[in-house]
Amino acid sequence: MPPIIGITTGRRLVGPSPGQESAHATLATYTTMVRAAGGIPILLVPGSDDEAKRVLGLIDGLLLSGGGDVDPARYEGARPASVYAVDGARDGFEITLSRLAAERRLPTLCICRGLQVMNVAMGGTLIEDIADENPAHLIHRMDGDEAHQARHAVTIEPGSSTAKALGREQLEVNTLHHQAVRAIGSGLVATGFAPDGIVESLAPEDPEWPMWAVQWHPEYLGPSDEPSLALFEAFIRAAGG
């Protein structure tokens, strides 16, 4: 049977009659990639710690999706004006999911915000805004149509679980983030870097935990992009046991 993959959601305004309402949502790019790789996607709505425990018992794999910023208070960081779309309920739910997934060695894929959530959950910190930190850094946030196009190189550590999943050690990626890893969380290692030194992927020190975390958006690049599909397929294989 195909594995069931729980995908985290965020708050969005949608426009059903009679007007815009708040909804729990994620982009169809995630569900498309999960299905293309052989999984069954379901959407997870933020809830209590007890609900997080129950949810993890019902799924075969966890996908921490992209979205707004993690509240800097979660890692004793600053809060510049560029921090946006903070959602305390989502932060709490996803941090609990991350820690439980680590304890249970549940197959997990973390994308963009998902990488940042996992890092914070494991005691790491974030660069609150890359451009404020160092204007000499690459531009890491591309919007609109550029979100679907490769914009800079990433070098992956040879022999790492990230390299094995992607099937390569060099690739070109899209980029949609203004925050990044500062201090790496306990039990995690950096496995990929942009040319300016920004961490682009993380993996667990524990070889028994199938977890991949990337700062770019492979789901935007789509099933036709070979390393993107390979990453999702590695995740789905692990979730299928």
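**Salt bridges and a buried strand residue**

Asp71 counts as buried, because its relative accessibility of 19% falls under the 20% limit. In this predicted model, Asp71 is the partner of Arg79 in a salt bridge whose closest N and O atoms are 3.7 Å apart. Arg79, by contrast, is exposed, with a relative accessible area of 54%, which places this residue over the 50% cut-off. The pair thus joins a buried carboxylate residue to an exposed arginine.

The Asp71 and Arg79 pair belongs to a wider set, since the count of salt bridges by the rule applied here comes to 8. Side chains of opposite charge can pair when their charged atoms come close. Another member of the set is formed by Glu94 and Arg113, for which the closest N and O atoms are separated by 3.2 Å. Glu94 lies in helix 3, which spans residues 88-104, whereas Arg113 lies in helix 4, which spans residues 113-121, so this salt bridge ties together parts that are 19 residues apart in sequence. Both Glu94 and Arg113 are buried.

A further salt bridge links Arg182 with Glu128, and here the closest N and O atoms are 3.1 Å apart. Arg182 is located in the loop between strand 10 (180-181) and strand 11 (188-193), while Glu128 is located in the loop between strand 7 (126-127) and helix 5 (130-133), so that the pair ties together parts 54 residues apart in sequence. With a relative accessible area of 41%, Arg182 is partly exposed, whereas Glu128, at 11% relative accessibility, counts as buried. Salt bridges that share partners also join residues into one network, which consists of Arg90, Asp91, Glu94 and Arg113; the buried pair of Glu94 and Arg113 is therefore part of this network.

Apart from the charged pairs, the surroundings of one strand residue were examined. Ala25 is found in strand 3, which comprises residues 21-25. Ala25 counts as buried because its relative accessibility is 19%, a value under the 20% limit. When neighbours within four places in sequence are left aside, Ala25 is in contact with Thr9, Gly10 and Arg12. For Val14, which is 11 residues from Ala25 along the chain, the separation between the C-alpha atoms of the two residues is 9.2 Å.

Note on methods. Residues numbered from 1 in each chain as written. Predicted model: local features only at pLDDT ≥ 70, side-chain atom pairs only at ≥ 80, totals over all residues. Heavy atoms only, no water. Helix = DSSP H or I, 4+ residues; strand = E, 2+ residues; numbered from the N terminus. Buried < 20%, exposed > 50% of the residue type's maximum accessible area, 1.4 Å probe, protein only. Contact = heavy atoms within 4.5 Å. Salt bridge = Lys/Arg side-chain N within 4 Å of Asp/Glu carboxyl O.
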